[in-house]
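Visitor: I should like to learn how salt bridges, pockets and cavities are read from a set of coordinates. May we work through one example together?

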Amino acid sequence: MHGPASHGWLLVALCAATGAYCLLRMRSGVEEQRRAAGGEALMGFGMAAMAVPAAAFTPPSWAWPAYAAVFGAAALHALWSARAGAHHLHHLVGASAMVYMAVAMAVSPGHDGGHGGSGVPLVTGALLLYFMGYVLLSGARLAPVAAGGGGVGWGDRPELARACRLSMGIAMVAMLLPL
């Protein structure tokens, strides 16, 4: 992660907490929510691992192709799932963005964790526009939602699921900016 180490660690904490909450959401009684939460947990933990400051840990050279493979498989799964509903297309864009960042970090000089300038400006700009729009739209949708009632389990609280997605969108923007 480019920039001060404290920013990287804050991003790691945000993404890891989001991934952990998504694991809790996997206990939902609704199958579709469980599946979505599993993909979001993968994204949260993957983003947390990518955001670890290079000063603290430099991943081995095989890590970036492994990230690309894992998120490439997640992108294919999202593409297959998009047949059932267009809402899976966001997961496709997110997983594809993770593949793009992993490839950009792998080809960056010295494999130093993607310290900026290693992405294709047009692709990076398009992804930034998408995720900034997503963050703005998600924030607007989250604002009027009232807190859930006492009988609703943690895995079924829609306002927390939206906040989780908003957090990952913000983190994605923060990770794409240095590319």
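Guide: The dialogue below takes up salt bridges, then empty space, then single residues. Please keep in mind that this is a predicted model.

Visitor: Let us begin with charged pairs. How many salt bridges does the structure hold?

Guide: The general idea is that side chains of opposite charge can pair when their charged atoms come close. In this structure, 2 salt bridges are found. Arg25 pairs with Glu40, and their closest N and O atoms are 2.5 Å apart. Because Arg25 belongs to helix α1 (residues 5-25) and Glu40 to helix α2, this pair ties together parts that are 15 residues apart in sequence.

Visitor: Which residue forms a salt bridge with Glu40 at 2.7 Å?

Guide: That residue is Arg165, with 2.7 Å between the closest N and O atoms. Glu40 lies in helix α2 and Arg165 in helix α6, so parts 125 residues apart in sequence are tied together by this pair. Taken together, Arg25, Glu40 and Arg165 are linked in a network of salt bridges.

Visitor: Are the members of this network buried or exposed, and how does one decide?

Guide: One reads the relative accessible area, and a residue is called buried when the value is under 20%. Arg25 counts as buried because its relative accessibility is 3%. Glu40 is likewise buried, at 3% relative accessibility. Arg165, at 26%, counts as partly exposed.

Visitor: I should now like to turn to empty space. What is the volume of the largest pocket?

Guide: As a general idea, rolling a probe the size of a water molecule over the atoms shows where empty space is left. Here the largest pocket has a volume of about 510 Å³. Its lining comprises 22 residues, of which Glu40, His87, His91, Tyr134 and Arg165 are the closest to the pocket centre.

Visitor: Which helices supply at least two residues each to the lining of the largest pocket?

Guide: They are α2, α4 (88-107), α5 (121-142) and α6 (158-176). The largest share, 5 residues, comes from α5. Sorted by class, this lining has 7 nonpolar, 7 polar and 8 charged residues.

Visitor: How does the second largest pocket read in these terms, and what is its volume?

Guide: The second largest pocket has a volume of about 310 Å³. Among the 14 residues lining this pocket, those closest to its centre are Arg35, Gly39, His77, His88 and His91. Helices α2, α3 (63-81) and α4 each supply at least two lining residues, and the largest share, 6 residues, is from α2. The classes here are 7 nonpolar, 5 polar and 2 charged residues. His91 is thus listed among the residues closest to the centre of the largest pocket and also among those closest to the centre of the second largest pocket.

Visitor: Pockets are open. How many cavities of 30 Å³ or more does the structure hold?

Guide: A cavity is space where the probe fits but cannot get out. The structure holds 3 cavities of 30 Å³ or more, and about 140 Å³ of space lies in the largest cavity. Residues lining the largest cavity include Glu40, His91, Tyr134 and Arg165. Two or more lining residues come from each of α2, α4, α5 and α6.

Visitor: Which helix gives the most to the lining of the largest cavity?

Guide: Helix α6 gives the most, with 4 residues. By class, the lining of the largest cavity divides into 6 nonpolar, 4 polar and 2 charged residues. Glu40 and Arg165, which line the largest cavity, also form a salt bridge with each other.

Visitor: Finally, what may be said of the surface? Which residues form a nonpolar patch there?

Guide: Leu23, Met26 and Phe45 form such a patch, with about 250 Å² of accessible area together. Phe45 lies in helix α2 (residues 31-51). Because its relative accessibility is 36%, Phe45 counts as partly exposed.

Visitor: Is Met50, by contrast, buried or exposed?

Guide: Met50 is placed in helix α2, and with a relative accessible area of 2%, Met50 is buried. Sequence separation and spatial separation may also be read side by side. Met50 and Leu11 are 39 residues apart in sequence, and their C-alpha atoms are 9.6 Å apart in space.

Note on methods
Residues numbered from 1 in each chain as written. Predicted model: local features only at pLDDT ≥ 70, side-chain atom pairs only at ≥ 80, totals over all residues. Heavy atoms only, no water. Patch = residues over 30% accessible without salt bridge, like charges linked within 9 Å, V, L, I, M, F, W, Y side chains within 5 Å. Areas by Shrake-Rupley, 256 points an atom, 1.4 Å probe, with all protein chains shown as cover. Salt bridge = Lys/Arg side-chain N within 4 Å of Asp/Glu carboxyl O. Buried < 20%, exposed > 50% of the residue type's maximum accessible area, 1.4 Å probe, protein only. 1 Å grid on protein atoms, 1.4 Å probe; cavity = no way out; pocket = protein on both sides within 12 Å on 5 of 7 lines; lining within 4 Å. Points joined across faces, edges and corners; volume = space filled by probe spheres on them. Nonpolar A, V, L, I, M, F, W, Y, C, P; charged D, E, K, R; others polar.
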